[in-house]
Amino acid sequence: MKYMIWAGIGFVIALAGLVYLVKLLLLKKNGIETEAEVISVREKRKNDYIHKMRYSGDGRTYEQEDRAGFSEPFKVGSKHTIIYDGKKPERFDFADQVKKNLIVAGVMVAMALIFSARWLYLWKLGT
């Protein structure tokens with residue numbers, strides 16, 4: 001029974017990672033890549049910086065805060081490549097973060113599936 005519980009935990013983790021992976025892939029595929037300028041920086045808490053970015057899309061200019069929470073502040077006036085959602089242009093992610101997170105999420109899903117397969121295999125051996 002404990003083998004099935006551990007396998008189930010692995011599948012839940014894999015499912016969560018897969019949902020996140022699909023969201024990232026959809027943003028990368030359907031999102032619009034553009035340059036954004038840092039217009040202000042504030043420290044949310046110690047070593048957690050929020051940047052207000054200005055970017056244009058669909059004939060409008062947007063000023064939105066990032067959701068990433070970087071430990072190092074960007075310089076005001078610096079430009080960064082972002083990917084924003086065409087349907088909700090106020091939602092964006094940094095392009096380099098999307099690439100890194102795709103790799104991390106993919107590895108997480110693979111490891112969770114291997115973890116689950118191992119426990120299912122042990123369960124099968126025990127019966």
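Helix H1 supplies the largest share of the lining of the largest pocket, with six residues. That is a good place to start looking at this predicted model, and the pocket will lead us on to the salt bridges.

## The largest pocket

How can you find a pocket in the first place? Rolling a probe the size of a water molecule over the atoms shows where empty space is left. Here, the largest pocket holds about 570 Å³ of space. It is lined by 19 residues, and those closest to its centre are Lys23, Leu27, Arg67, Arg91 and Asp93.

Which elements build the wall? Helix H1 (2–30), strand S5 (92–94) and helix H2 (95–126) each give at least two residues to the lining. If you sort the lining by class, you will find eight nonpolar, five polar and six charged residues.

## The salt bridges

Side chains of opposite charge can pair when their charged atoms come close. How many salt bridges does the structure hold? There are four. The table shows three pairs, including one whose two residues you have already met at the pocket.

| Pair | N to O distance |
|---|---|
| Arg45 and Asp48 | 3.4 Å |
| Glu63 and Arg54 | 2.9 Å |
| Asp93 and Arg67 | 3.8 Å |

Let us begin with Asp93 and Arg67, whose side chains meet in a salt bridge. This pair links distant parts of the chain: Asp93 sits in strand S5, while Arg67 belongs to the loop between strand S3 (60–65) and strand S4 (79–84), and the two are 26 residues apart. Both are among the residues closest to the centre of the largest pocket. Asp93 has a relative accessible area of 23%, so it counts as partly exposed. Arg67, at 52%, is exposed; the cut-off for that word is over 50%.

Now turn to Arg45 and Asp48. Is Asp48 buried or exposed? Its relative accessible area is 11%, so Asp48 is buried, because buried means under 20%. Its partner Arg45 has 53% relative accessibility and therefore counts as exposed.

In the pair of Glu63 and Arg54, the closest N and O atoms are 2.9 Å apart. Glu63 is partly exposed, with a relative accessible area of 39%, and Arg54 is also partly exposed, at 34%.

## Putting the picture together

As you turn the structure, try finding helix H1 and its six lining residues. Then look for Arg67 and Asp93 close to the pocket centre, and follow the salt bridge in which their side chains meet.

Notes. Residues numbered from 1 in each chain as written. Predicted model: local features only at pLDDT ≥ 70, side-chain atom pairs only at ≥ 80, totals over all residues. Heavy atoms only, no water. 1 Å grid on protein atoms, 1.4 Å probe; cavity = no way out; pocket = protein on both sides within 12 Å on 5 of 7 lines; lining within 4 Å. Points joined across faces, edges and corners; volume = space filled by probe spheres on them. Helix = DSSP H or I, 4+ residues; strand = E, 2+ residues; numbered from the N terminus. Nonpolar A, V, L, I, M, F, W, Y, C, P; charged D, E, K, R; others polar. Buried < 20%, exposed > 50% of the residue type's maximum accessible area, 1.4 Å probe, protein only.
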